[in-house]
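Let's take a walk through a protein chain together. Have a look at the picture first, then read on.

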Amino acid sequence: MFWEELKGKTYIPPEPENKKRKKQEPLNLEVFGILDSPYALTPADDQGLNEITADPVQNDIHAPQPETTQPETLEATETTEIEEVKAPKRLMPTANDVYHFHPIAFINHMKLVFGEQTGECHCNRDLTTEEFKNIFIQVRKSEKLGKGILNHSNCAIPSNDKTFERLTEEFNKTTRKYGINQCIQKIHFISQIYWESARFTTGLEFADGTGYNPGQHRDAAKMGHTVAGDGPKYKGRGFMQLTWRKSQIEYLKYAAKKEGTLKGKTDTELELRSNNYEKYISDNLFYAMDSAGWFWSNYKKAGSKYSELKGKPLNDIALHGDTYINYISTLVNGGGSGKSERKKYYGILKNIFKYDFVCVNNENKQELESSDFAPWVKYIYQEFAEYKGLNEVESPLKERIIEYHKPGRKSGDHSISWCASFVY
Ligand SMILES: [Zn+2]
């Protein structure tokens, strides 16, 4: 029945048909050469079945009191009608709300976590523009934000670079150059730069930077801020928000030995404040992304908090998966800002990358032979990867559920009809 017909009405399940068992015939054992069976069958109409030979509980003080009425005569079971089942009346809800019960939750709960090895892993390959865009859109949706990129008013990156194509191009260049090769490294890296770049809206810190001026910050002198105005000049720049003159000059010196507009600049030129070369880090798409890779793989190293990580770059720490996720955030942003958001992005990215199911470098990959499963299982896994973390009233899952429930869909089309749902 359709929901529209059912809602608000009392639903009474149809009464079950009365079923009768067939009369059981004793086996003719003689055809098997057995003439004298030690296990003689009792015929159904044997009067002995009606005799109660002993009361098994008569001496048991914990047993229920025996019936005072005459015990019911036992009927031969072959012809007994099954007791009629009275179904409880159920009132269907009047609302149109539908609770979407995700099949994967069921399966996880039953300790049958599985997936199908599709080989679609992001290790050791570039991301396509579509993949990068999808990542961006999915993360944005989780925060109910729009799709604008590099669109903050303080972002001086040229407008022709404010495209997914260019962002993807620079992302791939950076991951290749800095060995951010494995899925889990990319997942961690994107989680961090997404937050640091204010969700890819800018390459420049929002604050005016006066808080980093000499005398204003305890680390100012140590980090090279010796002149008034160094705070605003060397505030956070690039997608990893390199902060302080010391870090930015070190990066510029490194970058000048590689490719890019600054190639060949001398240390003296780079150190000269009036040249304003630090602006490249925030205002040039290549340097904004490249500086993030440099920070991630070359510059920032673990301290002594964890002996197994000491001196390792973030890119190595990322290989530990979830274990040091908060420590990674602390190393990127000492103040601990956005720790929970970074963790959330990390979780979303793991799903988008299908990390638990397809990554060839994931030692804990959920792997079972696909032949063990019904054909619709792969759709469960795909849907799970795409929609995990969303509840049923959020887009795009909301729209997908409506699709599941569309009347007249084709039976047997697992891409749509696999979904299990019920109303509450
Ligand atoms: Zn992988």
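Before anything else, a word you'll need: pLDDT is the predictor's confidence in each residue, on a scale from 0 to 100. You need it here because what you're looking at is a predicted model. The protein chain averages a pLDDT of 78, and 62% of the residues score at least 70. Some stretches do worse. Over residues 36-41 the pLDDT is below 50, and this stretch has two contacts in the model beyond near neighbours in sequence. Residues 52-80 also have a pLDDT below 50, with 15 contacts in the model beyond near neighbours in sequence.

Now for the overall layout. The protein chain has 424 residues, and 28% of them are buried. Its secondary structure comes to 17 helices and four strands. How do the contacts spread along the chain? Take those between residues at least 6 apart in sequence: 64% of them join residues at least 24 apart.

Let's head inside. The largest nonpolar core has 59 residues, and Ile187, Met240, Trp296 and Leu349 are the ones with the most contacts inside it. Which helix gives the most to this core? That's helix H10 (residues 285-299), with nine residues. Zoom in on Trp296: leaving out residues up to four places away in sequence, Trp296 touches Tyr178, Ile180, Phe189, Met240, Pro313, Leu314 and Asn315. Spot Met240 in there? Met240 is also one of the residues with the most contacts inside the core.

Leu349, another name from that core list, takes us to helix H13. This helix covers residues 339-352, so it has 14 residues, and it reaches 20 Å from its first C-alpha to its last, close to the 20 Å expected at 1.5 Å a residue. Several of its residues are buried, including Arg342, Tyr345, Tyr346 and Leu349. What do the buried residues of H13 pack against? The partners are helix H3 (129-142), helix H5 (183-196), helix H12 (325-332) and helix H14 (355-358). Just after H13, Lys354 takes a positive phi of about 55 degrees.

Last stop: Asp322, in the loop between helix H11 (314-317) and H12. Is Asp322 buried or exposed? A residue counts as exposed if 12 or fewer other C-beta atoms lie within 10 Å of its own. Asp322 has 12 such atoms within 10 Å, so Asp322 is exposed. Asp322 and His188 are 134 residues apart along the chain, yet their C-alpha atoms are separated by 9.3 Å.

Methods: Residues are numbered from 1 along each chain as its sequence is written. This is a predicted model: local features need pLDDT of at least 70, side-chain atom pairs count only at pLDDT 80 or more; totals for chains, interfaces and linings use all residues. Helices (H or I, at least four residues) and strands (E, at least two) are DSSP runs, numbered from the N terminus. A residue is buried if 20 or more other C-beta atoms lie within 10 Å of its own, exposed if 12 or fewer, and partly exposed in between; C-beta atoms are placed from the backbone. Two residues are in contact if their C-beta atoms, placed from the backbone, lie within 7 Å. A nonpolar core is a set of buried Ala, Val, Leu, Ile, Met, Phe, Trp, Tyr and Cys residues joined through C-beta atoms within 7 Å.
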